[in-house]
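Subject: Structure for your review

Dear colleague,

Please find the structure below, together with its sequence. I would be grateful if you would read the notes after it with the structure open.

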Amino acid sequence: MKKLPEITMAFWIMKICATTLGETAGDLFSMTLNIGYALSSLILIGFFVVTLRMQLYAINYKPLLYWSVILATSTAGTTMSDFMDRTLGLGYATGSLILIALLATTFLLWKKTDKSVSLNDIHTFRGETFYWIAILFSNTLGTALGDFLADNSGLGFLGGAILIGSLLLLIILAHYFLKVSSIILFWLAFVLTRPFGATFGDLLTKPLEKGGLNFRTIGSSAILFTNLMVLITVAIIKNNKIEKQKLLIKE
């Protein structure tokens, strides 16, 4: 049965909201609560494993469960990236290259075993597992890229967000006007919405003197969580209507 949402504009809005929340919530755990990157990563990976198990054994699409796993990959990705780049001292560039290699390896193994990495061809437990591993690595990679743009590129938080936003716009234009694989465009957009969320999250949380809006991690996380829950509620209502229509057709 279908367990993944339709890829619409609403999907991308919710994805950006979830990844931005993942950035602020990850920083809330590791820095504001002073838990540290390593312990925060272990806690959030545990949350990811629990929600992923529930998602894998679900029999149909459940918006709250699906977006809980997305949020788990985003928050865990934030602390995992920070642990690699800062605690281990690898730096943003090296950390990004390692994550690119891990993501590419995931796609190669997925393609070799399931013969396709298309969302429309995910009908097995193994295929969905590869899908979520790719999402975890892409969100972690996005965090590293976002931090690199914000801290090392000289663009700052706002400049980084504008650059990523421009690249996303190019992907949208390519989708409508060029004959480019929809699979490639989807995963490019999925990776890029993560640094967009990361830079936008930094813009919300960082102090004014550092170019941010000074909402801090707690305030920003509360605002983003509220917005995401509203969007999820709308998705649940819409999904319930679709399921009722399917039952009526079967009857």
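The notes below describe what was found, beginning with the core and then turning to individual helices, a pocket and the backbone. Please bear in mind that this is a predicted model.

**The nonpolar core**

The largest nonpolar core comprises 57 residues. Within this core, the residues with the most contacts are Tyr66, Trp67, Trp110, Tyr131, Trp132 and Trp187. Two or more residues are contributed by each of helix H1 (9-32), helix H2 (37-57), helix H3 (63-87), helix H4 (91-114), helix H5 (125-152), helix H6 (156-177), helix H7 (182-205) and helix H8 (216-250). The largest share, 10 residues, is that of H5.

Trp132 illustrates the surroundings of one such residue. Setting aside residues up to four places away in sequence, Trp132 touches Phe48, Leu52, Gln55, Leu56, Tyr66, Val69 and Ile70.

**Helix H1**

H1 has 24 residues, and its first and last C-alpha atoms lie 33 Å apart, close to the 34 Å expected at 1.5 Å a residue. Because 17 of those 24 residues are buried, H1 is largely enclosed by the rest of the structure.

**Helix H2**

The 21 residues of H2 should span 30 Å at 1.5 Å a residue, and the end C-alpha atoms of H2 are indeed 30 Å apart, which agrees. Which residues of H2 are buried? They are Tyr37, Ser40, Ser41, Leu44, Phe48, Thr51, Leu52, Gln55 and Leu56. These residues lie on the same side of H2, because they cover an arc of only 135 degrees around the axis. On the face turned away from this buried side, H2 carries the exposed residues Leu42, Arg53 and Tyr57.

Two polar residues of this helix deserve a closer look. Ser41, in H2, has a relative accessible area of 6% and is therefore buried. Apart from its neighbours within four places in sequence, Ser41 is in contact with Thr79, Met80 and Phe83. Gln55 also belongs to H2, and it counts as buried because its relative accessibility is 0%. Leaving out neighbours within four places in sequence, the contacts of Gln55 are Lys3, Leu4, Leu65, Tyr66, Val69, Glu128 and Trp132.

**Helix H3**

The 25 residues of H3 should span 36 Å at 1.5 Å a residue; the end C-alpha atoms of H3 are 35 Å apart, which agrees. H3 is mostly covered, with 20 of its 25 residues buried.

Leu65 is placed in H3 and is buried, with a relative accessible area of 13%. Not counting residues up to four places away in sequence, Leu65 touches Thr51, Met54, Gln55 and Ala58. Leu65 and Thr79 are 14 residues apart along the chain, and 22 Å separates their C-alpha atoms.

Ser81 is likewise found in H3. Is Ser81 buried or exposed? With a relative accessible area of 0%, Ser81 is buried. Outside its neighbours within four places in sequence, Ser81 is in contact with Thr140, Thr143 and Ala144. Ser81 and Thr32 are 49 residues apart in sequence, whereas their C-alpha atoms are 17 Å apart in space.

**The largest pocket**

The largest pocket holds about 1,000 Å³ of space. Its lining is made up of 35 residues, of which Glu6, Ile7, Thr8, Trp12 and Phe186 are the closest to the centre. The elements giving two or more residues to this lining are H1, H5, H6 and H7.

**Backbone positions with positive phi**

Most residues other than glycine have a negative phi. Against that background, Asn34, which follows H1, has a positive phi near 60 degrees. Lys115, a residue other than glycine, also has a positive phi, near 70 degrees. Lys115 is found in the loop between H4 and H5, and it is exposed, with a relative accessible area of 63%. A glycine is the third case: Gly89, which follows H3, has a positive phi near 70 degrees.

With kind regards

Notes
Residues are numbered from 1 along each chain as its sequence is written. This is a predicted model: local features need pLDDT of at least 70, side-chain atom pairs count only at pLDDT 80 or more; totals for chains, interfaces and linings use all residues. Side-chain values use heavy atoms; hydrogens and water are left out. A nonpolar core is a set of buried Ala, Val, Leu, Ile, Met, Phe, Trp, Tyr and Cys residues joined through side-chain atoms within 4.5 Å. Buried means under 20% relative accessible area, exposed over 50%, partly exposed in between (1.4 Å probe, protein chains only). Helices (H or I, at least four residues) and strands (E, at least two) are DSSP runs, numbered from the N terminus. Contact means heavy atoms within 4.5 Å. The expected span of a helix is 1.5 Å times one less than its number of residues. The arc is that of the directions from the helix axis to the C-beta atoms. On a 1 Å grid over the protein atoms alone, a cavity is a set of points where a 1.4 Å probe fits but cannot get out, and a pocket is an open set with protein on both sides within 12 Å along at least five of seven lines; lining residues have an atom within 4 Å of a point. Grid points are joined across faces, edges and corners, and a volume is the space filled by probe spheres set on the points.
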